[in-house]
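Hi,

Here is the structure I said I'd pass on. Have a look at it first, and then read my notes below.

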Amino acid sequence: MKPLRMALTKGRLEKSTVGLLEHSGMDCTALREKGRRLILPVGGPESSPELEVVLSKAPDVLTYVEHGVCELGVVGKDVIQEHGGRFFEILDLGFGKCGFALACPKGTDFFSGYQSKTIATKYPNVARRFFESKAMDVRIIKIEGSVELAPLLGLADGIVDIVETGATLRENGLEVVESISEISARLIVNPAAMKLRKQEIEALAGRLETQVQKEEEKV
Ligand code: PRP
């Protein structure tokens, strides 16, 4: 039987996921010394690893899991909320914690006045749902990075973005007006794989869950 494949979000979540796999007893040497390799064996000998890890950009993790080329994925709840998709979300991994928030230049009153407002964001679906829930008609402009620039340049009245430490907002004269939702890394599973390889997937998820609980007890 082929090893299970896990698509792993490169960057922010990568280090914590490798740590979690290692603490769950899987050798991640190949993943730590990856060089330019994109499919990496984890646990067991290279010829028959317990798991194969595929390093990907976050939205691609959803794509690979939806299409079943990777049975499992590790991705942030932010990406799940923005893109949605056909997969099961089976475990909150407890790291990559941050939140979505509406933020504006310090001292401005976003909710005052009758003029419709403009919001810049990398997450237009999240922003749209948030303002729909308030029955507010808002213009949304999609920005790819450093969304905090938009109000500073006069492009938008505010932003909907991820806030982790709050440092980026502080250093750019912005402040949170309202928190929208909490975010952390999630383990997702392809629905067909969940049926066909139930035992293997449950065994792996069980091992990870035990470790996640241990980490939470330490806090
Ligand atoms: C995210 C987010 C904020 C920043 C918040 O960007 O878009 O800019 O992190 O973190 P803080 O509250 O700890 O300052 P990221 O670093 O992922 O880069 P990006 O803008 O390229 O997406």
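**Around the ligand**

The shell around the ligand is made up of three nonpolar, four polar and five charged residues. Keep in mind that this is a predicted model.

Who is in that shell? Going along the chain, you'll meet Arg12, Lys122, Ser146 and Glu148, then Asp161, Ile162, Val163, Glu164, Thr165, Gly166, Ala167 and Thr168. Two elements, β9 (158–163) and α7 (167–171), each bring at least two residues to the shell. The top contributor is β9, which gives three.

Now for the polar contacts. In the side chain of glutamate 148, an N or O atom sits 2.6 Å from an oxygen atom of the ligand. Aspartate 161 also uses its side chain: one of its polar atoms is 2.7 Å from a ligand oxygen. With glycine 166 the backbone does the job, placing an N or O atom 2.7 Å from an oxygen of the ligand. As for cover, the ligand taken alone exposes 500 Å², and the protein buries 70% of that. The space the ligand takes up is the largest pocket.

**Aromatic pairs**

I also looked at the rings, and there are four aromatic pairs in the structure. One of them joins phenylalanine 100 and tyrosine 123 edge-to-face, at 4.8 Å centre to centre and with 75 degrees between the planes. Where do these two sit in the chain? Phenylalanine 100 belongs to strand β6 (residues 98–105), while tyrosine 123 is in the loop between β7 (118–121) and α5 (124–133). The two are 23 residues apart, so to speak a link between distant parts of the chain.

Cheers

Definitions and conventions: Residues are numbered from 1 along each chain as its sequence is written. This is a predicted model: local features need pLDDT of at least 70, side-chain atom pairs count only at pLDDT 80 or more; totals for chains, interfaces and linings use all residues. Side-chain values use heavy atoms; hydrogens and water are left out. A residue is near a molecule or strand if one of its heavy atoms lies within 4 Å of it. A polar contact is a pair of N or O atoms within 3.5 Å; within protein, one must be able to donate a hydrogen and the other to accept it, and residues adjacent in sequence count only if both atoms are side-chain atoms. Accessible areas come from the Shrake-Rupley method with a 1.4 Å probe; for residues, only the protein chains shown count as cover. On a 1 Å grid over the protein atoms alone, a cavity is a set of points where a 1.4 Å probe fits but cannot get out, and a pocket is an open set with protein on both sides within 12 Å along at least five of seven lines; lining residues have an atom within 4 Å of a point. A molecule sits in a cavity or pocket if more than half of its atoms lie within 2 Å of its grid points. Helices (H or I, at least four residues) and strands (E, at least two) are DSSP runs, numbered from the N terminus. Ala, Val, Leu, Ile, Met, Phe, Trp, Tyr, Cys and Pro count as nonpolar, Asp, Glu, Lys and Arg as charged, and the others, Gly among them, as polar. Rings of Phe, Tyr and Trp (its six-membered ring) pair if their centres lie within 6.5 Å; planes under 30 degrees apart count as stacked, over 60 as edge-to-face and the rest as tilted.
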